[in-house]
Amino acid sequence: MKVIKTTLQDCFVIEPTVFNDERGAFFESFNEKAFIEASGLKTRFVQDNQSISKQGVLRGLHFQMGSHAQAKLVRVVKGEVQDVVVDLRPYSTTYKKHFSIILNDVNKYQLFVPRGFAHGFLTLSDTAIFDYKCDNYYHKSSESGIIYSDPELSIDWKANNLKIQLSAKDKDLPMLKNLKL
């Protein structure tokens, strides 16, 4: 697998080595030793989550605060999404900057999202199965987020003619300038 730096500090794209033959395909979706050697980061995943979303569903931008912050390793099992992360770490050289990537079941790319980042995705295909590992357990009272359309972030969501669908909770997320970190 290749671990590729993004434009954001400590955020990496993971490109697996895929072995195809007449039977189908095989790839190693995560190798802790290879990840540590390539990134210099050590993480231990403790929880796996999966969502199934229809086309136009936008989930995010979410994060957990304080001691319940989570690093995530995200990927698409089926379909295609635009995945977006925002660096919310005030000490970071990439503070308030974002990164966007297309993840799908063809390229099999994964994105490592460090603690202190907001994360969200927009479903581009008819449906998408989105899978992610977390290095900390979910803690409801620590959850927070930023509205996906925050003008300060100016994220270019690849919605084209899609009608974006948000949960009631995501419609009420604050702008970054109103967030207490």
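Let's start at Lys 96, which sits in the loop between S8 and strand S9, residues 98-104. This is a predicted model, so please keep that in mind throughout. Lys 96 has a positive phi of about 70°, although it is not a glycine. How accessible is Lys 96? Its relative accessibility is 34%, so it counts as partly exposed.

There is another residue of this kind. Lys 108 is not a glycine either, and its phi is positive, at about 60°. You will find Lys 108 in the loop between S9 and S10.

Now a peptide bond. Gly 60 and Leu 61 are joined by a cis peptide bond, with omega at about 5°. Leu 61 has its place in strand S6. Why pick these three spots? Most residues other than glycine have a negative phi, and most peptide bonds are trans.

Next, the overall picture. The protein has two helices and 13 strands. The radius of gyration is 16 Å, and the globule rule gives a close 16 Å for 181 residues, so the protein is as compact as a globular protein of that length. Along the principal axes, the C-alpha atoms fill a box of roughly 50 × 40 × 30 Å. Of the 181 residues, 45% count as buried.

What about contacts? Take those in the protein with a separation of 6 or more. Residues 24 or more positions apart account for 80% of them.

On to the cores. How many residues does the largest nonpolar core have? It has 19. Leu 61, Ile 146 and Trp 157 have the most contacts inside it. So Leu 61 turns up again: it follows the cis bond, and it is among the best connected residues of this core. Three strands each supply at least two residues here: S6, strand S8 (80-87) and S11. S6 gives the largest share, three residues.

Apart from that core lies another one, of 16 residues. Its members include Leu 8, Val 74, Val 81 and Phe 121.

Let me zoom in on one buried position. Leu 111 is found in strand S10, residues 110-113. Buried or exposed? Leu 111 is buried, because its relative accessible area is 0% and the cut-off for buried is under 20%. Skip its neighbours within four places in sequence, and look at what Leu 111 contacts. On the low-numbered side there are Thr 6, Cys 11, Phe 12 and Val 13. Then come Lys 72, Leu 73 and Val 74. Asp 83, Val 85, Phe 99 and Ile 101 complete the list. Val 74, as I said, is in the core of 16 residues. Leu 8 is in that core too. The C-alpha atoms of Leu 111 and Leu 8 are separated by 12 Å, with their positions 103 residues apart along the chain.

Compare that with a loop residue. Asp 10 has its place in the loop between strand S1 (2-5) and strand S2 (12-15). Asp 10 is partly exposed, with a relative accessible area of 26%. Not counting residues up to four places away in sequence, Asp 10 touches Leu 41, Arg 89, Phe 112 and Pro 114. Asp 10 and Gly 40 are 30 residues apart in sequence. C-alpha to C-alpha, they are 9.0 Å apart in space.

Last topic: pockets. The largest pocket has a volume of about 580 Å³. It is lined by 28 residues. Which of them lie nearest its centre? Arg 59, His 62, Lys 72, Tyr 132 and Lys 169. Lys 72 we met before, as a contact of Leu 111.

Which elements give two or more residues to this lining? The strands are S5 (47-54), S6 (58-64), S7 (72-78), S11 (117-123), S12 (127-134) and S13 (143-145). Helix H2 (168-171) does so as well. S6 gives the most, with five residues. By class, the lining divides into 11 nonpolar, 12 polar and five charged residues.

The second largest pocket holds about 230 Å³ of space. Its lining has 15 residues, and the closest to its centre are Gln 64, Met 65, Gly 66, Ala 69 and Gly 116. Here the classes are eight nonpolar, four polar and three charged.

One thread to take away: S6. It holds Leu 61, it gives the largest share of the largest core, and it gives the most to the lining of the largest pocket.

Methods. Residues are numbered from 1 along each chain as its sequence is written. This is a predicted model: local features need pLDDT of at least 70, side-chain atom pairs count only at pLDDT 80 or more; totals for chains, interfaces and linings use all residues. Side-chain values use heavy atoms; hydrogens and water are left out. On a 1 Å grid over the protein atoms alone, a cavity is a set of points where a 1.4 Å probe fits but cannot get out, and a pocket is an open set with protein on both sides within 12 Å along at least five of seven lines; lining residues have an atom within 4 Å of a point. Grid points are joined across faces, edges and corners, and a volume is the space filled by probe spheres set on the points. Helices (H or I, at least four residues) and strands (E, at least two) are DSSP runs, numbered from the N terminus. Ala, Val, Leu, Ile, Met, Phe, Trp, Tyr, Cys and Pro count as nonpolar, Asp, Glu, Lys and Arg as charged, and the others, Gly among them, as polar. Buried means under 20% relative accessible area, exposed over 50%, partly exposed in between (1.4 Å probe, protein chains only). Contact means heavy atoms within 4.5 Å. A nonpolar core is a set of buried Ala, Val, Leu, Ile, Met, Phe, Trp, Tyr and Cys residues joined through side-chain atoms within 4.5 Å. The radius of gyration is taken over C-alpha atoms; the globule rule is 2.2 Å times the number of residues to the power 0.38.
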